[in-house]
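Subject: Structure handover

Hello,

Here is the structure I promised to pass on. Please open it alongside this note; my findings follow below.

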Amino acid sequence: LLLSDKGKDAKYKQVYSGDASEITLKDLKPATEYHLKVCACINAYKGEYTNPVSFVTESCEPDRPLPPKLLGGRSKSALNLKWSAAIDNGSKILNYILEYDEGKGREYTEIYRGVKKQFKITKLIPATIYSFRLAAENSIGRSEFSDVAQFSTIGTIPPEPDPPMLGGKGIEFLTLTWIKRQMDEAFTLQMNDESNYFSNKYMGSNLSYTVTDLYRNTEYKFRLAANNEEGQSNYSRTVAFRTLPDRPLPPSKPRTKGQIQPTYCRITWDPPRDNGGSDIQRYHLELEEAKADDGFHMIYNGLETEHCLEQLIPGHTYLLRVFCTSVGGQSDLSDITKIQTPAVAPASCHPPRVFGKPKANSLHLRWAYPDYDGGATVIDFEVQITNPDNSSRLVYRGKDLECTVTALLPGRPYLFQVRAFNKAGAGPWSEYLDVLSGPGVPDAPRNFLVQCRAVNSAIITWEEGVNNGAAITEYRLEWSRKEGDSFTQLYCGPNISYEAKGLVPATLYCFRVQAVNSAGQGPYTAIASCMTPATCPSIVTSVKAHAKSTSISLSWKVPANNGSPITGYYIDIGEKELIFVGELTEYTIDEVLPDTTYRIRVRAVNNIGPGPFSSTVKCPTKSLPPDPPRVECIVVTCNSLKLKWGNSEQLQNRIVPTTTTPPSILMDTLINSNTNNSNTSNTVTTTNYNNNNNNQKLITYTVEMEGKDGIFNSIYTGTSYTYKINKLLESTPYNFRVCARNETGSGPWSEVYTFSTTKAPPNALKAPYITDISSTSCLINWQSHKPLGKDGISYILQKQEQKRENDYSELYKGEMTSYRVTNLEPGIDYYVRVCAIRVTNEGILLNGSYSPVTHFILPRPDELLQQQQQRSLNNRSSSNNYPHNISTSSNNNTIQERLLSSSLSSSSFSHHHASNSASSTITSTKNPGLSNKCISFIQRKMKTYTTFESRQLTDQEWAVIIFICFTLLAIFVAVMANFIYTKYGGITTTTSTMHGGIKTQ
């Protein structure tokens, strides 16, 4: 198990390795994100790690802060403290709590609580020591208090200091050290010797002092006082320290105690005359062999003054010396003592070895001196023989290292031993040398046995017989089908067992075996026979399976029973337990998992046992109806909702959707864009997704919406994952539910999801119109917006001066529908527009689109007078003329003609007038004559309701009018064409076209 606290891709460290599957992690940091991953290990092989899993530890109270420190200087009545920020452990620190003991050394009192990291304590008592402690607090809780910090106000005599500490010691000196506090300036060190009287040993500002000329291993007492300008403190508590002892003198020369034995002796010595002032802790005895060059080595250390030397070598000389150690150190070495051990009989020789090849009746032996002669020279050797009947006899004694042994029997095992002699006596016999005399033909193998372990195999075993002096190199096994038939070789090799395979059941087989060595072939064993038993049934064939969602029906043919009646069948479907069905050939398995592929196999069983499994049959079960998907609303407007459903796996397999909208819908949207969308309708926007997996099962989704009567009605059925409902009421909740269907059937309905539309902004107003014109002012009017429920309506009026300003400026904002503009200049182009603002009950402002722009130019005073005269003349000539009629005389420079040209172009200005104010007018079409006539005719009709300045058609209205005109024209052309075709029906026109390779006429 690996753990990382630096991120998902950072370095991990191992926190556990073992066979448990659950552990508890400890010593984690609070409010820290950790990542874990684990792998399985078998011996030295390690598997792949899992994907990291993250978790975040909980926050806790802050860590224990550091004690406060003194900030700046001290005074007699004030102390200024500061402290470092504590670790917040994931929750912001809310307060630092500072407490003090009021200079009484008892209970603590809180003097500050806040987020600052310094505080000045005032109104303190001079020459007083105060103790302070600090704690931090967050939303989880309060930390532990810090260590106590002590500070004193000015005028304080130092308090009693801590006693001095031992910095070092020796035989005649002691080094003492102490700690300086903030109020300490100098120190006085006193010592009490054996006279029980304290005397000054040091006075100064140093923090250590070495007292010399002391006695060894003697205890001395010390105490310390602190001094400053105010005086001297009380002496500290008395402490005692002892000097080191001196080295002891060497012990006496080692000596033997009792008689020296060949392998051991006892050594003793006397303690030193002077132990250096301390008890002897250990004696160390060292030994060295006289003939060796490795020097002395330690053989004993302890408090005893006597030691027994063991594991000595007989006939060797040894050197001994001793020294002692105490607390004071190590003494010098004593004088050296020399001892010699007596000799013993020599050690065992190595086994003799055969020189040359053993003969049938004799062999030649050789041997070597023993590894150890016992401390004396070897003077003689003896050789002993052990016959096959375990009788022994000496065959040689002398000083030579070889001999010839005769009178042996051929092909028999013999054992030989040798031993050496010195002045101390005979040594032990050597290990045996096992030798065979001349080899012979081996005997027949023993315990020949044949066992039928299986239907088509038998195990033949035997034991090795007497080899008669030569190792058996191989065995030859022969067999026959009957007792009278000739034998054929079945096996040849060194093994003493063989498994005969491929046997026929219920058949008698005979076997025999012989051994072979270097001398030749031995005799055959007695014939052994066995009868193979009956076997289990044959393999089941013709297994057929028919699957449903939760059951599988099986059928098969009866196999051969191989000599024993079939008692039943076992069915394996991949689970832990097999299904036993008895003597049947058809069976139905219930309670299987849907949409799962099972590997099914069948085998028969008789009294002998189960037969082999049939070949595997793959059988996939049908799937259950799918679960309902989760629904979410991805786009919300005032009159539409766009829904999306499906799980994350389906969303990941999608390709970028392509939305297809018919042209007729686009035209309907263009014509009805300004109408009130108050009626709901079910308009589907189909999104097609291309799935790369062609084998994925098709799932159809059905979406229903709850109507006003509380009944859910289907609004969409298909394979798409999105659906848009248009023409809904604004700020209205709607309920939806969805279900999925596959080839198995329909799944359950999902829970009811509720989504609400938003409030709609106001519609665009018509272009404002101008009245009450003068040379420097005019009255701008606009239509009022229809009420939007209980929400209020206000308006914004903007103006642009074409030659002086680059953008619109706000003239008016309020609830009125007219505004008088003053301080204008005549002869300058002005552009005005207006928009409505919806003020909701929640105080939210929803701005509508700006109206088309109205362009006007104020007349100069002389032109205004001329216009008034012309108006009076027109009023007298016709009572049907309008207050602001456009002059049709030949005078093209009048102000009314200028207003006419400006008004005609006002319908082409959009909300962004700065980008296309001069380039898009309705009059600039490909057929200016026809367009001007239509526009003039429509304007004359509009003048029956309002003045020229007060009414301008919007772009949408112009589009509707032109569309109606072209529709009427198309109907007229169609009627005329039908009339001509009816009257002149003899004329026939044939048109041929090609579409996708098919000719159409």
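**Strands S14, S15 and S18**

Strand S14 (residues 165-169) and strand S15 (residues 174-177) run antiparallel, joined by four bridges. Strands and helices here are DSSP runs numbered from the N terminus, with at least two residues (E) for a strand and at least four (H or I) for a helix. Two strands pair if DSSP finds at least two bridges between them. Lys169 has Leu174 of S15 as its bridge partner. A hairpin of four residues connects S14 to S15. S15 also pairs with strand S18 (residues 208-211), antiparallel and over four bridges. There, Leu176 is matched with Tyr209 of S18.

**How to read the values**

This is a predicted model: local features need pLDDT of at least 70, side-chain atom pairs count only at pLDDT 80 or more, and totals for chains, interfaces and linings use all residues. Residues are numbered from 1 along each chain as its sequence is written, and side-chain values use heavy atoms, with hydrogens and water left out.

**Strand S12 and its partners**

Strand S12 covers residues 129-138, and eight of its ten residues are buried. Buried means under 20% relative accessible area, exposed means over 50%, and partly exposed is in between (1.4 Å probe, protein chains only). S12 pairs with strand S9 (residues 93-100) in the antiparallel sense, over seven bridges. Tyr96 has Ala136 of S12 as its bridge partner. S12 is also joined to strand S13 (residues 149-152), again antiparallel, by four bridges. In that pairing, Ile129 stands opposite Ser152 of S13.

**Salt bridges**

Side chains of opposite charge can pair when their charged atoms come close. The rule used here asks for a side-chain nitrogen of Lys or Arg within 4 Å of a carboxyl oxygen of Asp or Glu. The count comes to 31 salt bridges.

Glu99 and Arg133 form one of them, with the closest N and O atoms 3.0 Å apart. Glu99 is in strand S9 and Arg133 in strand S12, so this salt bridge links distant parts of the chain, 34 residues apart. Glu99 is buried, at 9% relative accessible area. Arg133 is partly exposed, at 23%.

Glu137 and Arg113 form another, with 2.8 Å between the closest N and O atoms. Glu137 lies in S12 and Arg113 in strand S10 (residues 109-114), so the pair ties together parts 24 residues apart in sequence. Arg113 is partly exposed, with a relative accessible area of 37%.

Further along, Arg397 forms a salt bridge with Glu382, the closest N and O atoms being 2.9 Å apart. Arg397 lies in strand S33 (residues 392-398) and Glu382 in strand S32 (residues 380-386), so parts 15 residues apart in sequence are tied together. Glu382 is buried, at 5% relative accessible area.

There is also a network of salt bridges, which links Glu730, Lys759, Asp791, Arg838 and Glu842.

**A buried charge without a partner**

Which side chain of opposite charge is nearest to Glu288? It is Arg321, 6.8 Å away; Glu288 is buried yet has no salt bridge. For charge, Lys and Arg count as positive and Asp and Glu as negative, while His and the chain ends are not counted. Glu288 sits in strand S24 (residues 280-289). Leaving aside neighbours within four places in sequence, Glu288 is in contact (heavy atoms within 4.5 Å) with Gly295, Phe296, Thr317, Tyr318 and Leu319.

**Aromatic rings**

Rings of Phe, Tyr and Trp (its six-membered ring) pair if their centres lie within 6.5 Å; planes under 30 degrees apart count as stacked, over 60 as edge-to-face and the rest as tilted. The structure holds 34 aromatic pairs. Tyr369 and Phe381 form an edge-to-face pair, 5.4 Å centre to centre with 65° between the planes. Tyr369 lies in the loop between strand S31 (363-366) and S32, and Phe381 in S32, so the pair ties together parts twelve residues apart in sequence. Tyr369 is partly exposed, at 46% relative accessible area. Phe381 is buried, at 1%.

One aromatic cluster is formed by Trp645, Tyr701, Tyr716, Tyr721 and Tyr723.

**The annotated span**

UniProt, in an unreviewed entry, lists residues 958-981 as "transmembrane region". UniProt positions are given in the numbering used here, feature names are shortened, and annotations may be inferred rather than shown by experiment. In the model, residues 958-981 are 100% helix and 0% strand, with the end C-alpha atoms 34 Å apart.

Best wishes
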